[in-house]
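Good morning, everyone, and thank you for making time for this. Please keep the picture open while I talk, and stop me whenever a term is unclear.

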Amino acid sequence: MQFALVCCIVFLFVRIVMKLFRIPLWLWLLFVVAGLGYAFHPYLLAQMMQMEQKRLLAQPEPMVEQMPERLDFGRQMADLRYLASDELAGRGTGQPGGAKAQQWLAAEFTHIGLVAAGTAGYLQPYQPTTGKAQLMKGAANVLGRIEGSDPALPMLVLTAHYDHLGVHQGKIYFGADDNASGVAALLALARYFKQYPPRHTLLFAALDNEETGMWGARMLFEQELLKPEQIKLNINMDMLSQNTQQQLIAVGSYHYPELEKPLQQLQQQSSVRLLLGYDRPAWLVGTHQDWTFSSDHREFHKRAVPFVYFGVPDHAHYHQPSDTAENIDPEFYREVSETLLDAVLLFDAS
Ligand SMILES: [Zn+2]
């Protein structure tokens with residue numbers, strides 16, 4: 001009723017303005033369309049968001065109660081605790097903790113027996129050239145490879161950034177979930193595939209500088225260590241160990257629809273609530289989040305390399321000093337890690 005009244009008043013007002021200023025009919029129509037669009041905008045937005053929410057939640061509930069134990073989770077948790085310890089002090093790029101993390105990761109890659117794939121052994125040192133990051137010295141990615149049994153196949157690139165916010169105003173930002181969890185999973189997967197060799201070559205990339213402009217991922221391509229045409233898929237892991245609703249988001253199948261089928265199969269094999277989404281632009285889904293450019297996978301996507309990004313929604317400890325090893329959810333983290341192993345197995349088999 002109120003809406004009709006407003007419409008009548010607007011209509012009369014516009015008629016008077018038209019008479020006074022001799023506004024042509026097409027302009028009048030334009031006013032009407034713009035007015036209606038403005039009036040219905042909140043309604044349309046709400047509808048779009050509801051549809052997207054339904055699409056996300058329409059995915060089947062987990063069909064599996066528990067994942068098998070194929071990864072050495074005890075070892076993985078010890079790695080996470082070390083990465084998120086006082087000693088590494090939040091692994092800030094250019095800070096002593098960041099340098100220690102680099103050295104430790106290179107030593108772990110050696111123990112596992114990965115082929116060195118950096119420009120200086122396992123390391124790929126580089127210097128960011130713009131923004132805040134250009135003040136940071138000593139940045140480096142840590143890269144190791146397991147050769148696939150079929151050399152004709154393009155490689156799978158597994159990425160997880162090891163840097164976090166470091167020490168800031170006297171406080172340590174430990175970054176246990178963000179992203180010690182992804183790096184410890186990367187190491188666990190490397191140990192697994194060393195034992196059970198894959199068909200595709202797997203590149204394990206612990207990346208630097210994600211928090212300050214994703215320079216690590218960018219430099220993989222800018223220093224021509226990688227060429228887009230050599231890569232079948234980027235699997236990016238960033239924040240895997242905290243979610244009260246047991247949700248893990250797989251981002252990327254909107255841009256690369258060929259990934260939808262294997263990801264749906266993964267859903268059916270997983271005990272976590274794996275949701276496919278957070279990758280559609282706002283004009284399709286209202287103000288729902290779009291994580292297409294939110295972590296290192298963005299540098300692969302920019303070069304048209306397909307990606308899947310696995311991560312949990314932001315939580316209370318996100319980018320806080322309270323993101324500590326004590327605050328992660330180990331059981332959820334274990335189930336997620338086994339799900340990621342299945343993901344790599346699926347993509348390696350296809
Ligand atoms: Zn992160």
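I will begin with one residue, then turn to a pair of helices, and end with the nonpolar cores.

Please keep in mind that this is a predicted model, in which local features need pLDDT of at least 70 and side-chain atom pairs count only at pLDDT 80 or more, while totals for chains, interfaces and linings use all residues. Residues are numbered from 1 along each chain as its sequence is written, and side-chain values use heavy atoms, with hydrogens and water left out.

Let us look at T339, which sits in helix α10, residues 330-349; helices here are DSSP runs of H or I with at least four residues, numbered from the N terminus. Its relative accessible area is 0%, and it counts as buried because that term means under 20%, with a 1.4 Å probe and protein chains only. A polar atom of the T339 side chain lies 2.7 Å from the backbone oxygen of E335. Leaving out residues up to four places away in sequence, T339 touches M67, L266, S270 and V272, where contact means heavy atoms within 4.5 Å.

Now, how do α3 and α10 meet? The axes, which are lines fitted to C-alpha atoms over the stretch in contact, with angles from 0 to 180 degrees between N-to-C directions, come within 11 Å for α3 (residues 73-83) and α10, and cross at roughly 115°. The two are therefore roughly perpendicular, a label covering 65 to 115 degrees. On the α3 side, the contact is made by F73, Q76, M77 and L80, and on the α10 side by P330, Y333, R334 and S337.

Finally, the largest nonpolar core, meaning buried Ala, Val, Leu, Ile, Met, Phe, Trp, Tyr and Cys residues joined through side-chain atoms within 4.5 Å, has 72 residues, of which L158, F204 and F310 touch the most other members.

Key: Buried < 20%, exposed > 50% of the residue type's maximum accessible area, 1.4 Å probe, protein only. Polar contact = N/O pair within 3.5 Å; in protein donor to acceptor, adjacent residues only side chain to side chain. Parallel < 35°, antiparallel > 145°, perpendicular 65-115°, else oblique.
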